[in-house]
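Please open the structure in your viewer and keep the sequence panel beside it, since this tour moves from one selection to the next. Each stop says what to pick and what is to be found there.

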Amino acid sequence: MDAIISVNEEQRIVVFNAAAEVMFRCPAHEAVGKPLDRFIPPRFRSVHTHHIEAFGRTGVTSRSMWTPGTLVGLRADGEEFPIEATISQVETGGQRFFTVILRDVTERKRAEEVLRETEAKLGGIIGSAMDAIISVNEAQEIVVFNAAAEGIFGCPAAEAIGTSIHHFLPERFRAAHQHHIRSFGETGSSAGTRPRSRA
């Protein structure tokens, strides 16, 4: 399912599999024999050439070939897209060949961006809410403590996050609350067991 491209020491393509044809929108007969550079954005080509040469000498490669984080590929129609790549080399018949396995991560990057935007919006909503909002993990340790919670409990978020929610409950209700949360996690039902205080 991943694109596989092999090049010789001159960095000319000798293997271009079916997945590479789809990924780069280029038939193999148009790619084989051509420089690998044609599938790399121009601004990264000199860095890529240096990387391959260094890898050939040392056998050591970095996690990122061209830039910090995700790499960038260039389709035959000129569209750039994010990829992840691993590289290996083999010597056979007195010749050295480099093979790159590539994965198109366009959809994953798009999903990550949507998630970042959603989290930013949610953070804004939680931060500006008039009611106290507290989120805890399975250990009932606080992971979200908004501004309204700071005002109600007289405690800054920096001091609350990471501590047990029980610190903000009267001692006589803590056991019942712990049971309620555990039951809610198992059943999804919150009715009936939550401790209530009276003014």
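The stops below take in the main sheet, the nonpolar cores, a hairpin and the cysteines of what is a predicted model.

**The open sheet.** Begin by selecting the five strands that form an open sheet, which are arranged in the order E2-E1-E5-E4-E3 with antiparallel pairing. Colour strand E2 (13-16) and strand E3 (71-74) separately, because these two stand at the edges, where each has a single partner strand and therefore one side without a neighbour in the sheet. If you look along the sheet, the twist from one strand to the next averages 40°.

**The E4 and E5 pair.** Next, restrict the view to strand E4 (residues 80-92) and strand E5 (residues 95-104), which are joined in the antiparallel sense by ten bridges. Which residue in E5 is the bridge partner of Ala85? That partner is Leu102, and Leu102 is also worth keeping on display for the following stop, as it is listed among the residues with the most contacts inside the largest nonpolar core.

**The largest nonpolar core.** Now show side chains for Ile5, Ile13, Phe16, Phe24, Phe39 and Leu102, the residues with the most contacts inside this core of 25 residues. At least two core residues are supplied by each of strand E1 (3-7), E2, helix H1 (18-24), helix H3 (45-58), E3, E4 and E5. The largest share, four residues, comes from E4. Centre on Ile13 and, leaving aside residues up to four places away in sequence, you will find that Ile13 touches ten neighbours' worth of selection to inspect, including Ile5, Val7, Val32, Leu36 and Phe39.**The second core and the hairpin.** Move on to Ile142, Phe145, Ala157 and Ala160, which are included in a second, separate core of eight residues. Then select strand E6 (residues 134-136) and strand E7 (residues 142-145), which run antiparallel and are joined by three bridges. Within this pair, Ser135 has Val144 in E7 as its bridge partner. E6 and E7 form a hairpin with five residues between them, and in the turn Gln140 has a positive phi of about 60°.

**The cysteines.** Finish by selecting Cys26 and Cys155. Are they buried or exposed? Cys26 counts as buried at 1% relative accessibility, and Cys155 is likewise buried, with a relative accessible area of 12%. A search of the whole structure for disulfides finds zero.

Terms used:
Residues numbered from 1 in each chain as written. Predicted model: local features only at pLDDT ≥ 70, side-chain atom pairs only at ≥ 80, totals over all residues. Heavy atoms only, no water. Pairing = 2+ DSSP bridges. Axes fitted to C-alpha atoms, helices over the stretch in contact; angles between N-to-C directions. Disulfide = S-S within 2.5 Å. Buried < 20%, exposed > 50% of the residue type's maximum accessible area, 1.4 Å probe, protein only. Core = buried A, V, L, I, M, F, W, Y, C linked by side-chain atoms within 4.5 Å. Contact = heavy atoms within 4.5 Å.
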